[in-house]
There are 2 protein chains.
Amino acid sequence: MTTDARAKLEINTDRLMASIEELGAIGAYHDEGADVMGVRRLALSPEDGNGRRLVKRWFEEAGLRVRVDAIGNTYADRDGLDGGLAPVMSGSHIDSVPTGGRFDGALGVLGALEVVRTLNDHGVTTRRPLTIAFFTDEEGCRFGTDMLGSAVAAGRIPLEQAYALTDEGGRRVRDELESIGFLGDEPVGRRRPHAYVECHVEQGPTLIHEAYDLGVVTGVQGISWRRLTITGASAHAGATPMKFRRDAGLAAARINCRIHEMCASGEYGAEMRATMGVIHPEPGMVNVIPGRVIATVDLRNPDDSMMRRAESDLDAFQREIASELGVTIDSVQTARTPAVVFNLAVQDAIEAAANARGLRNRRILAGAGHDAQEWASVCPAAMIFVPGLNDGISHSPRELSTPKQCADGINTLLSVILSLSDGA
Amino acid sequence: MTTDARAKLEINTDRLMASIEELGAIGAYHDEGADVMGVRRLALSPEDGNGRRLVKRWFEEAGLRVRVDAIGNTYADRDGLDGGLAPVMSGSHIDSVPTGGRFDGALGVLGALEVVRTLNDHGVTTRRPLTIAFFTDEEGCRFGTDMLGSAVAAGRIPLEQAYALTDEGGRRVRDELESIGFLGDEPVGRRRPHAYVECHVEQGPTLIHEAYDLGVVTGVQGISWRRLTITGASAHAGATPMKFRRDAGLAAARINCRIHEMCASGEYGAEMRATMGVIHPEPGMVNVIPGRVIATVDLRNPDDSMMRRAESDLDAFQREIASELGVTIDSVQTARTPAVVFNLAVQDAIEAAANARGLRNRRILAGAGHDAQEWASVCPAAMIFVPGLNDGISHSPRELSTPKQCADGINTLLSVILSLSDGA
């Protein structure tokens, strides 16, 4: 097959969607709030075990050699013309949040599988070997650490540390891997791909609002979480003059307004994001001044130096507001991950592939964590984002990408895998 | 006894404090949070019945004629030299909140009793008759309407409407009055005193912070409560650019900041108070933008025209912020009581009595509701405030006024009752 013919290869969209539906039936539940079927396939649960066995069988049926590593990451290898070259890898995850949808993670794994099936259909062998994979516990809902499998593979988290993590019931990762039959024998940290590319739903509104067919992901934002315990004094709302108050709720409100002003100012880059998701005043009664508030601040920034400046300016503002309002603010950092910048050459390959297929695309930042950010420390990596309906909602049974949206993403993935595999 | 000698009469402080302790033992409970004994004597509960019987017996032992009216208000009459004159009345309440202290209400009732006991000790008969009283369900915790007994006596709430009120268990006021034996035979609305004066703990920090011995209460603030349901859109804190957000928590924060700015501006009078006591964001997770917030606003103002302007300006701000942030704000008025201004002559009589006893005093606004505000619609009325330790905390087992603080208030009450009774 000529390079030109390869560039025009098309996946089988019906087969892709049928696979997504079939995997989505494992762990399916009826979500009363959303009145649709959702997916609950928590990492290393019996449902995850069933999902893994189904996908592993599909890998094998596609003629791939499947290996499971010591943290349960499952790799499926396909020979290339030149067995001495490092493979191109593509993958994602098949575990879900407790109230998840059918696309988050699954699209990337089953899309990579569909790429292989399409190559098989057309008898195409690539120059480099290909590896497609799913990684253990990307969501982190059950054992508290997200991107667990890929982080162990990339060497960021030691295997023994991962094994010792426990869920709420005290069950350990190692035992749970064993119980679902995915405690593999391949040592971790051996895989060193030529490049890594992952297709994933956007999980945000940008592409759908701006009518793009797909996004070329430039990197993952740095994340900084803090938990604030603001202590003032509860007092009677009627009997306490304003000048005697130490209102912990007002302090939280001022901080919430401030983090939004910081985003709007542009001083921390155009992409700073800030959210106060938790605000819990005590005692929480209409006529009592809140004496204590628990609140959280979630900061995101793709530029680590901007993030550090935002953190330090927010620290200073917290001190200011504590002194102005007569409260104390105990601020604890509860999460901190640095920004990841994806490889420009892989980004360019994705853009070129999308353009060649006439797909309207833009560069976009990932708001959430992804396996690709772990692989980015091992090899050149980038991602393709697929838009979703319902404002791109995810981690919800209402998560929904159309067959066209999925096919645009996976056809682009096919082109990128071919160009990464056949190029220099 | 000469007028001069009367002005120097002193109550028996030990007897007053012993009565407060004895009544406080009824419904006493150990509050684990505060690690002290609190009082739980909910209106028309068996404990309230026991408290009422004790105080009624004390009234009778002081030689008073006790009458109970149809809403359970309990009046004790003492003859004056001129039986044709309207009496001077003093009273308060003996029901408590679920986690109350020993002084709220009880000080006013047992203080009035101590005044009568002191007059008895010294064989003093006043020109006008005296009436001391306790009123039904001032707190409103159980049946949802505060100042219930005095409001019925003053004609603001019809008796049948009061009877039909139910507690959480569906028990009706009339049945509960009957069950504790306080469904009296005196018709409501007959009492038309010459003047009404009530001593009460301040329930706020002003007097203790400014080292006053007591407060001359100028009136009760108007109260305006609203419950806001702010609806935006829940979305992922990482994946949602700021421009696509509809953050209900930010809307609540902006409103909280605004009500504080309104107080500080002075545009609504120097005494405007504002509190956001309830802030409940959903889903309330660190990395999810709040899609819905329930919040409350409590506004207080002693000037009704200022209050109306504050309400209408806040309405306008809510519309502004809803449009700016793309949220909807459903605002429901949940309480609204007009301001009450106490009688100046009674205020002056209190101030003169306090000054004559060398007590440092100031005019002060009542932050909470009191029986006196109902009687103020029937006759000239005002109140004496007694400071409390622990920043004047009330509705708490930590509520605490010293014997000196109580005695200052009740000695002043004694002088005022004498001057109102013997004067013109």
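Chain A of this predicted model has 424 residues, for which a compact globule would have a radius of gyration near 22 Å; the value for chain A is 24 Å, which agrees with that expectation. Taken along the principal axes, the C-alpha atoms of chain A fill a box of roughly 85 × 45 × 40 Å. Within that box the chain forms 14 helices and 18 strands. Of the 424 residues in chain A, 55% are buried. Its contacts also reach across the sequence: among those between residues at least 6 apart, 78% join residues at least 24 apart.

Residue A:R67 offers a local example of contacts across the sequence. A:R67 belongs to strand β3 of chain A, which covers residues 65–68. The C-alpha atom of A:R67 is separated by 8.0 Å from that of A:D185, although their positions lie 118 residues apart along the chain. When neighbours within four places in sequence are left aside, the contacts of A:R67 are with A:Y75, A:G184 and A:E186. A:R67 counts as partly exposed because it has 17 C-beta neighbours inside 10 Å, whereas a buried residue needs 20 or more.

The two chains meet in a contact to which chain A and chain B contribute 47 residues each. On the side of chain B that touches chain A, at least two residues come from each of α8 (206–209), β9 (222–231), β10 (235–236), α9 (248–265), β11 (273–275), β12 (279–282), β13 (288–289) and β14 (292–301). Helix α9(B) provides the largest share of this side, eight residues. Sorted by class, the side of chain B that touches chain A comprises 23 nonpolar, 18 polar and six charged residues.

Two of the strands just named, β12 and β13 of chain B, are linked by a loop that holds B:P283. The peptide bond leading from B:E282 to B:P283 is cis, and its omega is near 5 degrees. In chain A, a cis peptide bond joins A:E282 and A:P283, with omega about 5 degrees. A:P283 is likewise placed in a loop, the one between β12 (279–282) and β13 (288–289) of chain A.

Attention now turns to a helix of chain B. Helix α4, residues 106–121 of chain B, has 16 residues and spans 22 Å from its first C-alpha to its last, close to the 22 Å expected at 1.5 Å a residue. An α-helix has 3.6 residues a turn, so residues three or four places apart point the same way. In α4(B), 13 of the 16 residues are buried, and the helix is therefore largely enclosed by the rest of the structure. After α4(B) comes B:G123, which has a positive phi near 60 degrees.

Positive phi values also occur at residues other than glycine. One of them is B:M147, whose phi is near 55 degrees. B:M147 is located in the loop of chain B between β6 (130–134) and α5 (148–153). This residue is classed as buried because 26 C-beta neighbours lie inside 10 Å. In chain A, A:N390 is not a glycine, yet its phi is positive at about 55 degrees. A:N390 is placed in helix α13 of chain A, residues 389–392. With 14 other C-beta atoms within 10 Å, A:N390 is partly exposed.

Note on methods: Residues are numbered from 1 along each chain as its sequence is written. Chains are lettered from A and ligands numbered from 1 in the order in which they are written. This is a predicted model: local features need pLDDT of at least 70, side-chain atom pairs count only at pLDDT 80 or more; totals for chains, interfaces and linings use all residues. Two residues are in contact if their C-beta atoms, placed from the backbone, lie within 7 Å. Helices (H or I, at least four residues) and strands (E, at least two) are DSSP runs, numbered from the N terminus. Ala, Val, Leu, Ile, Met, Phe, Trp, Tyr, Cys and Pro count as nonpolar, Asp, Glu, Lys and Arg as charged, and the others, Gly among them, as polar. The radius of gyration is taken over C-alpha atoms; the globule rule is 2.2 Å times the number of residues to the power 0.38. A residue is buried if 20 or more other C-beta atoms lie within 10 Å of its own, exposed if 12 or fewer, and partly exposed in between; C-beta atoms are placed from the backbone. The expected span of a helix is 1.5 Å times one less than its number of residues.
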